[in-house]
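Q: I would like to take a close look at the place where the ligand sits. Could you walk me through it step by step?

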Amino acid sequence: MSDPLLVEAEPYVYGFDLRHSALLLIDMQRDFVEPGGFGETLGNDVSMLQQVVPPLREVLAATRKAGMTVIHTREGHLPDLSDCPPAKLNRGAPSMRIGDPGPKGRILIRGEYGHDIIDELAPVQGELVIDKPGKGAFYATDLGHVLQAKDIRSLIVTGVTTEVCVHTTVREANDRGYDCLVLSDCVGSYFAEFQRYGLQMIAAQGGIFGWVAPSSNYLKALEARS
Ligand code: TIU
């Protein structure tokens with residue numbers, strides 16, 4: 001067993017082994033990050049999420065170079081909406097509901113242009129893409145089985161949005177025994193205060209859900225490996 005890579009993080013140093021870790025990119029889809037998608041129909045300013053893209057591109061490139069597992073997720077539903085509970089479909093007063101036709105295709109529907117991952121972070125061959133109907137990446141997906149099969153124990157977590165799909169996934173992962181490191185500049189929220197408190201909530205109480213660090217600390221750890 002080789003020495004773990006060490007990342008300066010809150011609440012203390014995060015150690016991980018490349019062969020037993022995965023980079024998770026949560027829902028970096030046009031539907032959340034670009035105008036005309038699900039995020040905007042909920043009344044959000046999607047430009048808030050754009051700042052995540054440049055640092056996440058760097059993290060993705062360095063992680064690929066290091067040979068670590070990369071897993072992308074996409075939130076969305078079957079075209080007949082059979083996997084979308086009425087509670088989700090009917091919630092609130094969006095300008096368009098899930099399944100309605102939008103400028104990037106039907107809102108949050110698998111196979112539509114808006115549902116897919118943005119070009120800048122498009123998966124390459126060999127990377128897993130997990131389609132999920134909920135906010136958490138473990139609920140109603142194969143993610144748990146995939147991680148077990150690959151003997152992955154640590155997750156480097158990125159994506160959107162911090163307090164919704166990132167938080168839900170980190171909480172699910174934490175309860176399943178995974179050590180999660182959330183990269184603070186590679187997760188984004190439509191709300192500045194949720195970003196701040198969302199990150200604090202993860203590392204508080206001695207790391208109640210996991211660890212938090214800027215991507216520069218993670219990149220440093222990758223560069224320092226022998
Ligand atoms: N609305 C919002 O902030 N997020 C979501 O609906 N899904 C994800 O976070 N991916």
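Here is where I would like to begin: which N or O atom of threonine 161 is 2.8 Å from an oxygen atom of the ligand, one in the backbone or one in the side chain?

A: Happy to help! Keep in mind that this is a predicted model. The atom you ask about belongs to the side chain of threonine 161: an N or O atom there is 2.8 Å from an oxygen atom of the ligand. With valine 160, the contact involves the backbone instead, where an N or O atom lies 3.1 Å from a nitrogen atom of the ligand. Cysteine 165 also uses a backbone N or O atom, and its partner, 3.1 Å away, is an oxygen atom of the ligand. On its own the ligand has 280 Å² of accessible area, and the protein covers 93% of that.

The stretch of chain here has something else to show you. Valine 160 and threonine 161 are joined by a cis peptide bond, with omega near -10°. If you follow the chain in the viewer, you will find threonine 161 in the loop between β8 (154–160) and α6.

Now let us step back to the whole shell. Besides Val160, Thr161 and Cys165, the residues around the ligand are Asp27, Phe32, Phe38, Leu42, Glu75, Lys135, Val164 and Tyr190. By type, this shell divides into seven nonpolar residues, one polar and three charged.

What kind of space holds the ligand? It sits in the largest pocket, which has about 460 Å³ of space. There are 23 residues lining this pocket, and the closest to its centre are Phe38, Leu42, Asn44, Lys135 and Val164. Three elements each give two or more residues to the lining: α2 (38–41), α4 (86–89) and α6 (162–175). Sorted by type, the lining has 13 nonpolar residues, three polar and seven charged.

To finish, here are two backbone details to find elsewhere in the chain. Glutamate 10 and proline 11 are joined by a cis peptide bond, with omega about 0°, and proline 11 has its place in the loop between β1 (5–7) and β2 (14–16). Leucine 81, in the loop between β4 (69–75) and α4, is a residue other than glycine with a positive phi, near 65°.

Methods: Residues numbered from 1 in each chain as written. Predicted model: local features only at pLDDT ≥ 70, side-chain atom pairs only at ≥ 80, totals over all residues. Heavy atoms only, no water. Near = heavy atom within 4 Å. Polar contact = N/O pair within 3.5 Å; in protein donor to acceptor, adjacent residues only side chain to side chain. Areas by Shrake-Rupley, 256 points an atom, 1.4 Å probe, with all protein chains shown as cover. 1 Å grid on protein atoms, 1.4 Å probe; cavity = no way out; pocket = protein on both sides within 12 Å on 5 of 7 lines; lining within 4 Å. Sits in = over half its atoms within 2 Å of the grid points. Nonpolar A, V, L, I, M, F, W, Y, C, P; charged D, E, K, R; others polar. Points joined across faces, edges and corners; volume = space filled by probe spheres on them. Helix = DSSP H or I, 4+ residues; strand = E, 2+ residues; numbered from the N terminus.
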